[in-house]
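Me: I would like to go through the interior of this model, starting with one residue and then turning to cavities and cores.

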Amino acid sequence: MRLLLLSDIHANYPALEAVLSDAQARKYSHVVHLGDALGYGPHPREVLASLRDLEAVCIMGNHDRMLLDRADGLNMRVSIVSQALAWQLERLSERDLDWIRTWRDGIDDPEVGARYRHGTPVSLDDYTDSVTAAREAFAGWHGRLGFVGHTHHPAVYATLNAPVGEWVKHQAFFDGGTYMVPPGARVILNPGSVGQPRDGNPKASYAVYDTARAQFQVFRVDYDIGRVQFDVQQAGLPEVLGARLLLGK
């Protein structure tokens, strides 16, 4: 099985288009989206339609959940996040909302032997963004293979299948790269963000995991950032949401 791993698209359809075009040559068999399809960007309907066409397994992200909270009448403090979600909510159909409500906060996949969750293997909201955070996640979760998003940084954290605390190693994938999961290791793998990378590289990020080879590959892809910036401006969304894309921040 070859998993196409997507995360944190954040309603950036040109980035998703570029990723899917690049991924065609990877011969993937299944698609998993690790949360935050929505929030920030100007293309919520297009992104949801694409994920639906892909028959992707979609995990609930914090922005997806906040949009549902807003749809249910819960108040949010005024911020860039809330402005974008309010604008997106006005453009989504009841069919869209009903589908988002089916997304689960984490899934254990027995066929792959993996857990899919947005933040860490044990949390939707927490970040797997440091060796300390990874060590805490490993302590609270005893699986071998975890796929997460949320940080917008493609990375792997690994520990031995031994008492946690001996060592946790970290590897980033600024320019993409390959990681072979060692026998006996426990790993948390993050494909990075399709629609809003924050590691200083503005290229869209995604990954493919080959279950037969235990191989995790991260790919970075150029896309038309100018088009997204124009659409942000036309939508009347805060301009910083477009400007940050060029910086990869």
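**Interior of the predicted model**

Me: Is Gln88 buried or exposed in this predicted model?
Reply: The model is predicted. Buried means under 20% relative accessible area. Gln88 has a relative accessible area of 0%, so Gln88 counts as buried.

Me: Which helix holds Gln88, and which residues does Gln88 touch beyond four places away in sequence?
Reply: Leaving out residues up to four places away in sequence, Gln88 touches Ala11, Leu38, Gly39, Tyr40, Gly41, Pro44 and Leu67. Tyr40 and Gly41 also appear in the lining of the largest cavity. The helix that holds Gln88, spanning residues 80-89, is helix 4.

Me: How many cavities of 30 Å³ or more are found in the whole structure?
Reply: The largest cavity holds about 50 Å³ of space. The second largest cavity has a volume of about 30 Å³. A search of the whole structure at 30 Å³ or more gives a count of two.

Me: Which helices each supply at least two residues of the lining of the largest cavity?
Reply: The lining consists of His10, Asn12, Tyr40, Gly41, Pro42, Gly195, Gln196, Val228, Val232, Leu241 and Leu245. Val228 and Val232 belong to the lining, and helix 7 covers 225-235. Leu241 and Leu245 are also in the lining, and helix 8 covers 240-247. The helices asked for are helix 7 and helix 8.

Me: How many nonpolar, polar and charged residues are in the lining of the largest cavity?
Reply: Gly counts as polar and Tyr as nonpolar in this classification. The lining includes Gly41, Gly195 and Tyr40. By class, the lining of the largest cavity has six nonpolar, five polar and no charged residues.

Me: Which strand gives the largest share of the lining of the second largest cavity?
Reply: Thr128, Val148, Ala155, Val156, Tyr157, Ile188 and Asn190 form this lining. Strand 7 (155-160) and strand 10 (185-190) each supply at least two of its residues. The largest share, three residues, comes from strand 7.

Me: Which helix gives the most to the largest nonpolar core?
Reply: This core has 45 residues, and Leu6, Leu51, Ile100 and Tyr206 have the most contacts inside it. The helix that gives the most to this core, with six residues, spans 13-23 and is helix 1.

Me: How many residues are in the other core, the one that includes Tyr116?
Reply: Apart from the largest core lies another core, with Leu5, Tyr116, Tyr179 and Val181 among its residues. Leu5 is also one of the residues that Tyr206 touches. The number of residues in this other core is 24.

Conventions: Residues numbered from 1 in each chain as written. Predicted model: local features only at pLDDT ≥ 70, side-chain atom pairs only at ≥ 80, totals over all residues. Heavy atoms only, no water. 1 Å grid on protein atoms, 1.4 Å probe; cavity = no way out; pocket = protein on both sides within 12 Å on 5 of 7 lines; lining within 4 Å. Points joined across faces, edges and corners; volume = space filled by probe spheres on them. Helix = DSSP H or I, 4+ residues; strand = E, 2+ residues; numbered from the N terminus. Buried < 20%, exposed > 50% of the residue type's maximum accessible area, 1.4 Å probe, protein only. Contact = heavy atoms within 4.5 Å. Core = buried A, V, L, I, M, F, W, Y, C linked by side-chain atoms within 4.5 Å.
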